[in-house]
Every structure is written in structure tokens, then in C-alpha cells.
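User: I keep meeting words like "buried" and "parallel" in structure notes. Can we go through a model and see what backs them up?

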Amino acid sequence: MLERQTAAKKPRVLLADVHKIVAAVWTQVLKPEFDLLGTVEDGRQLVAEAARLWPDVVVSEIFLPLMNGIEEARQLRKIGVRARIVFLSMETDDACVRLALEAGAQGYLSKHADPSELGTQLC
């Protein structure tokens, strides 16, 4: 009798950052433990791709062109996307963090943080 083997399902991640180099670095950091669905460069693309792909996690720069992270989080929740939302930003102002969390984000990480900290925010 053959034994069925099931691999643990990796969380599916959609990444958004306007800086291609930053997105490439985060892609390399995430790949070993996550299934990277793709990267986008603006907030409207993020909402459209999240609605199409239904990721488990959205990792996004908070200040994207065309739609900022606060509005994108609101839009994602409005259309029913229940992905965990984690923002990355150079901005660590308490008011900005509070607004992000109120809009539906579950995590907020400074781009100055150690890359290993992102993994703890995603799960």
C-alpha cells in the first residue's frame, strides 16, 4: 500500500513595493518559507491582484503610488479579501502605525528592522 505524503502548505504571499530592488530582496527573504504569488508596484495593482489571487498574506509598502496602504487595506477588506496585511515602511510614526492597524493591518514593520522579523509578522 502506498503512503500518501502531504507537504505542508506554504502561506501564499502577494508583495507590493515601488522600489524594484527592495521587492527583489524581500522576494529572496520570503521564498524559502512562503509561496510568492507576485509583486506589484502600486496600490491599485495590489487590490486588483489580491482580488484575483486571494493570497493568505499581503506584504506592502505603506506609501505606494495611486493608492496608499491605508486605503488599500480598507479596499481589501471591503471586497472580502481576508489576507493578513503587513506593512513595511520607513515611517514609524505612532499615528501612521495606528491608522494602518485601524484600517485592517495585522502588522507594521520598519524597513530598518532585521529581515528575520518579517517572518514573525507574517504568521
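Analyst: Sure, and let's begin with two helices: H2 and H3 are roughly parallel to each other. Before we dig in, this is a predicted model, where local features need pLDDT of at least 70 and side-chain atom pairs count only at pLDDT 80 or more, while totals for chains, interfaces and linings use all residues. Residues are numbered from 1 along each chain as its sequence is written, and side-chain values use heavy atoms, with hydrogens and water left out.

User: Why are H2 and H3 called roughly parallel?

Analyst: Helix H2 (residues 43-53) and H3 pack at an angle of about 20°, and their axes are 10 Å apart. Axes here are lines fitted to C-alpha atoms, for helices over the stretch in contact, with angles from 0 to 180 degrees between N-to-C directions. Angles under 35 degrees count as roughly parallel, over 145 as roughly antiparallel, 65 to 115 as roughly perpendicular, and the rest as oblique. The pair's angle of about 20° therefore earns the label roughly parallel.

User: Which residues make that contact?

Analyst: Gly-43, Leu-46, Val-47 and Ala-50 do the job on the H2 side, and Glu-72, Gln-75 and Leu-76 on the H3 side. Contact means heavy atoms within 4.5 Å. As for the elements themselves, helices (H or I, at least four residues) and strands (E, at least two) are DSSP runs, numbered from the N terminus.

User: And what makes H3 and H4 roughly parallel?

Analyst: Same kind of check. The axes of H3 and H4 cross at roughly 10° and come within 8 Å, so this pair is roughly parallel too. Ile-70, Ala-73, Arg-74 and Arg-77 in H3 meet Cys-96, Leu-99, Ala-100 and Ala-103 in H4.

User: Which residues of H4 are buried, and how do you know they line one face?

Analyst: In H4 (residues 94-103), the buried ones are Cys-96, Ala-100 and Ala-103. Looking down the axis of H4, they fall within an arc of 70°, so they line one face of the helix. That arc is the one covered by the directions from the helix axis to the C-beta atoms. In general, an α-helix has 3.6 residues a turn, so residues three or four places apart point the same way. On the other side of H4, Asp-94 and Glu-102 are exposed. The buried residues of H4 pack against helix H3 (69-78), strand S4 (84-89) and strand S5 (107-110).

User: What caps the N-terminal end of H4?

Analyst: Asp-93 does: one of its side-chain oxygens lies 3.0 Å from the backbone nitrogen of Ala-95. A polar contact is a pair of N or O atoms within 3.5 Å; within protein, one must be able to donate a hydrogen and the other to accept it, and residues adjacent in sequence count only if both atoms are side-chain atoms. H3 has its own cap, Asn-68, with a side-chain oxygen 2.9 Å from the backbone nitrogen of Ile-70.

User: Why is Asp-17 called buried?

Analyst: Buried means under 20% relative accessible area, exposed over 50%, and partly exposed in between (1.4 Å probe, protein chains only). Asp-17 has a relative accessible area of 2%, so it counts as buried. You'll find Asp-17 in the loop between strand S1 (12-16) and helix H1 (20-30). Its side chain reaches the backbone nitrogen of His-19 at 2.9 Å.

User: How do you know that Ile-85 is buried?

Analyst: Its relative accessibility is 1%, so Ile-85 counts as buried. Ile-85 sits in strand S4. Leaving out residues up to four places away in sequence, Ile-85 touches several others, including Val-58, Ala-73 and Leu-76.

User: What about Trp-54 and Leu-66: exposed or partly exposed?

Analyst: Trp-54 has a relative accessible area of 42%, so it is partly exposed. Leu-66 has 54%, so it is exposed. Trp-54 lies in the loop between H2 and strand S3 (57-61), and Leu-66 in the loop between S3 and H3. Each has a positive phi despite being a residue other than glycine: near 50° for Trp-54 and near 70° for Leu-66.

User: Last one: what puts the buried residues of H1 on the same side?

Analyst: The buried residues of H1 are Ala-23, Trp-26, Thr-27 and Leu-30. They cover an arc of only 110° around the axis, which puts them on the same side of H1. Over on the other side of H1, Ile-21 and Gln-28 are exposed.
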